[in-house]
Amino acid sequence: MERGESQSSVDPSGDAGEVADWADAFDVNREWWREAVVYQIYPRSFFDSDGDGIGDLRGVEAKLDYLDALGVDVVWLNPVYDSPNADNGYDIRDYRAIMAEFGTMDDFDRLLDGLHDRDIRLIMDLVVNHTSDEHEWFRQARESEDSEYRDFYIWREGRGDGPGGKGKPPNNWESAFGGSAWSYDERTEAYYLHLFDEKQPDLNWRNPEVRERIYDMMRWWLDKGIDGFRMDVIDLISKADGLPDGDPDSGWTGAEHFMTGPRAHEYVAEMYEEVLEGRDVMTVGEMPGASIEQAQQYLGPDGDGLNMVFHFEHVTLDYGESGDRWTVGEFSLPEFKRVLSKWQNGLHGEGWNSVYLGNHDWPRMLSRFGDDGLYRIESAKMLATMLFTLRGTPYVYQGDEIGMTNFPFERESQVQDVSARNFVQRKREEGWETDEILEIVSYRSRDNARTPMQWDDSENAGFTEGEPWIPVNPNHDAVNVADARARDDSIWHYYRELIEFRQATPAAIYGDYELLLPDDPDVYAYLRTLDDDRLLTVLNFDEGTPTFSLPGSVDYDDAECVVHNYAIDAEGPQSFEMRPYEARVYELD
Ligand code: TEU
């Protein structure tokens with residue numbers, strides 16, 4: 001038995017009863033997407049049904065009972081549209097077709113039915129800041145300046161006398177993946193804008209025809225029966241008039257001219273009116289750089305109509321001073337608590353939070369915020385306790401429910417992701433040593449989260465019978481679903497019980513949030529209050545043994561510990577010494 005696997009417990013049978021029973025008991029604005037737990041599937045790495053080494057839709061279908069057993073309510077599927085995969089599906093060639101490697105539209109329809117049969121809803125990735133350069137619109141656009149699709153994208157002449165008569169790029173904006181955000185098209189002798197890879201040209205949202213085509217496509221998917229969208233970089237769709245140069249010292253040059261640009265709110269509000277209004281769907285906008293005020297406008301009662309955003313503030317806190325993703329700074333818990341609390345409070349009545357610590361774009365949350373060594377199990381459970389007891393909709397990224405960790409990179413050839421490959425290339429050119437490069441890649445690369453789901457301890461972790469497209473983490477002999485499900489006290493069962501606990505505990509979903517001990521360097525503690533129901537969550541983010549003391553302002557007659565990742569005695573929450581990465585949730589009376 002591994003450490004920490006015998007003593008944890010979640011008691012979902014508190015006083016609250018079943019969700020259905022509490023509908024009338026509280027004056028809260030109930031919505032299914034507030035009460036839901038979302039599970040994110042990166043299909044390329046989930047389960048391969050046909051032995052080509054690439055996960056696919058039938059693979060997801062084969063695991064529906066798994067999702068059902070875990071108890072999740074919504075699946076967010078990363079892009080499955082036809083794509084040449086310059087950025088693993090975030091470069092879409094055809095919005096209305098399924099990527100051949102993933103299967104067919106029939107497979108998709110069957111998957112959707114299978115989910116709905118189990119009362120699980122499906123949200124799709126909506127990638128409309130850009131298309132693939134192989135999309136029909138761009139192919140035609142680059143044919144000639146007179147193409148009816150020319151104005152679907154953003155074209156500019158070069159500046160000055162650059163090499164070969166091309167001029168320099170029209171401005172100094174950078175691609176999120178490194179280098180200029182402009183590429184030169186020889187045929188029509190002009191530059192096109194791409195905030196990501198050169199194979200991902202940005203769409204021109206000023207063109208009403210572009211917007212209408214997108215809305216039409218969204219309606220087409222919703223009419224098929226999907227339950228909403230996760231909207232990729234939706235705050236980047238509006239670019240400042242005149243495309244002015246950006247501050248070269250910001251983490252992403254140009255960002256101030258395209259993060260929530262001048263017409264972003266207008267476009268999102270229009271999308272809501274044209275497509276979403278009146279439909280019972282869920283929307284979450286991915287928004288790098290969004291501030292709380294901007295989020296309130298996207299989400300609030302008089303806002304643009306979205307349900308949630310993914311802001312980046314808490315997941316970029318450990319960047320170095322330059323604000324560049326590929327630098328490593330310090331992690332400070334008080335700062336982390338301050339940021340999360342700002343969002344918890346700032347969206348109260350002005351929107352709704354999404355709660356996440358990782359996804360396919362970040363390293364594994366356990367390796368980043370917990371301890372993927374000695375305290376792997378304890379810290380995975382502690383982080384899960386936070387995910388399910390903050391105010392907001394929790395997002396579980398595939399594999400986090402078994403405590404998957406970062407990949408132990410040994411060679412540059414193991415790096416697959418376009419963003420990380422570009423970083424490796426730049427640093428090689430600058431003369432960095434392989435070890436130095438790999439150290440940062442190991443900490444930062446998106447590949448960390450994209451290694452295959454670990455189903456069992458067999459050769460390829462039960463992910464494929466072929467050669468996996470990306471290496472399997474060697475720790476799958478110990479870290480895998482089969483093992484976790486077989487142990488009552490595993491991380492997996494803890495997640496399952498926490499999901500049940502949240503569903504049965506109105507205060508965990510709708511309670512007000514109050515941060516305690518803001519300056520404590522190791523402990524994150526907060527209260528959630530809904531009428532007379534109060535939950536106290538206490539989390540030790542450290543491997544040490546700090547003492548927790550409940551502030552005198554919090555009084556109670558009775559306290560019951562309903563969630564804990566270590567064995568506990570009857571001791572109340574007044575004052576106690578915490579064990580490494582300990583988590584407790586008390587119901588206070
Ligand atoms: O990500 C947007 C984004 O800004 C980043 O998280 C990005 O991964 C990072 O800047 C790279 O260094 C979204 C998708 O989630 C991501 O997978 C796509 O690559 C990107 O948009 C482009 O579609």
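**Exercise 1. The largest pocket**

Find which helix gives the largest share of the lining of the largest pocket.

*Solution.* Helix α12 (residues 418-429) gives the largest share, four residues. Helices here are DSSP runs of H or I with at least four residues, strands are runs of E with at least two, and both are numbered from the N terminus. The model is predicted: local features need pLDDT of at least 70, side-chain atom pairs count only at pLDDT 80 or more, and totals for chains, interfaces and linings use all residues. Residues are numbered from 1 along each chain as its sequence is written, and side-chain values use heavy atoms, with hydrogens and water left out.

Next, take the whole lining. It holds 45 residues. Ala176, Gly251, Trp252, Tyr319 and Arg325 lie nearest the centre of the pocket. A pocket is an open set of points on a 1 Å grid over the protein atoms alone, where a 1.4 Å probe fits, with protein on both sides within 12 Å along at least five of seven lines; lining residues have an atom within 4 Å of a point.

Then sort the lining by type. It has 16 nonpolar, 14 polar and 15 charged residues. Ala, Val, Leu, Ile, Met, Phe, Trp, Tyr, Cys and Pro count as nonpolar, Asp, Glu, Lys and Arg as charged, and the others, Gly among them, as polar.

Last, the space. The largest pocket holds about 1,200 Å³.

**Exercise 2. The sheet of three strands**

Work out the strand order of the open sheet of three strands, and name its edges.

*Solution.* The order is β7-β9-β8, with antiparallel pairing. Strands pair if DSSP finds at least two bridges between them. β7 (155-156) and β8 (182-185) are the edge strands, each pairing on one side only.

Now look at one pair. Four bridges join β8 to β9 (residues 190-193). Ser183 has Tyr192 of β9 as its bridge partner.

**Exercise 3. Two helices in contact**

Describe how α4 and α6 pack.

*Solution.* Start with the geometry. Helix α4 (residues 105-117) meets helix α6 (residues 208-224) at about 55 degrees, and their axes are 11 Å apart. Axes are lines fitted to C-alpha atoms, for helices over the stretch in contact; angles run from 0 to 180 degrees between N-to-C directions. That angle makes α4 oblique to α6.

Then list the contact residues. α4 supplies Met105, Phe108, Asp109 and Leu112; α6 supplies Trp220, Trp221 and Lys224. Contact means heavy atoms within 4.5 Å. Five of these residues are nonpolar, none polar and two charged.

**Exercise 4. The sheet of six strands**

Trace the open sheet of six strands from edge to edge, then place the helices.

*Solution.* The order is β1-β19-β21-β17-β16-β15, and the pairing is antiparallel. β1 and β15 (512-516) each have a single partner strand, so one side of each lacks a neighbour in the sheet.

Check the pairs. Two bridges join β1 (residues 9-10) to β19 (residues 559-564). Five join β19 to β21 (residues 583-588). Eight join β16 (residues 523-530) to β17 (residues 533-540). In β17, Asn540 is the bridge partner of Val523.

Add the helices. Helix α9 (residues 333-346) packs on the sheet, touching β15 and β16, at about 15 degrees to the direction of β16. Helix α11 (residues 376-389) lies across β16, β17, β19 and β21, at about 150 degrees to β17.

Definitions and conventions: Grid points are joined across faces, edges and corners, and a volume is the space filled by probe spheres set on the points. Angles under 35 degrees count as roughly parallel, over 145 as roughly antiparallel, 65 to 115 as roughly perpendicular and the rest as oblique.
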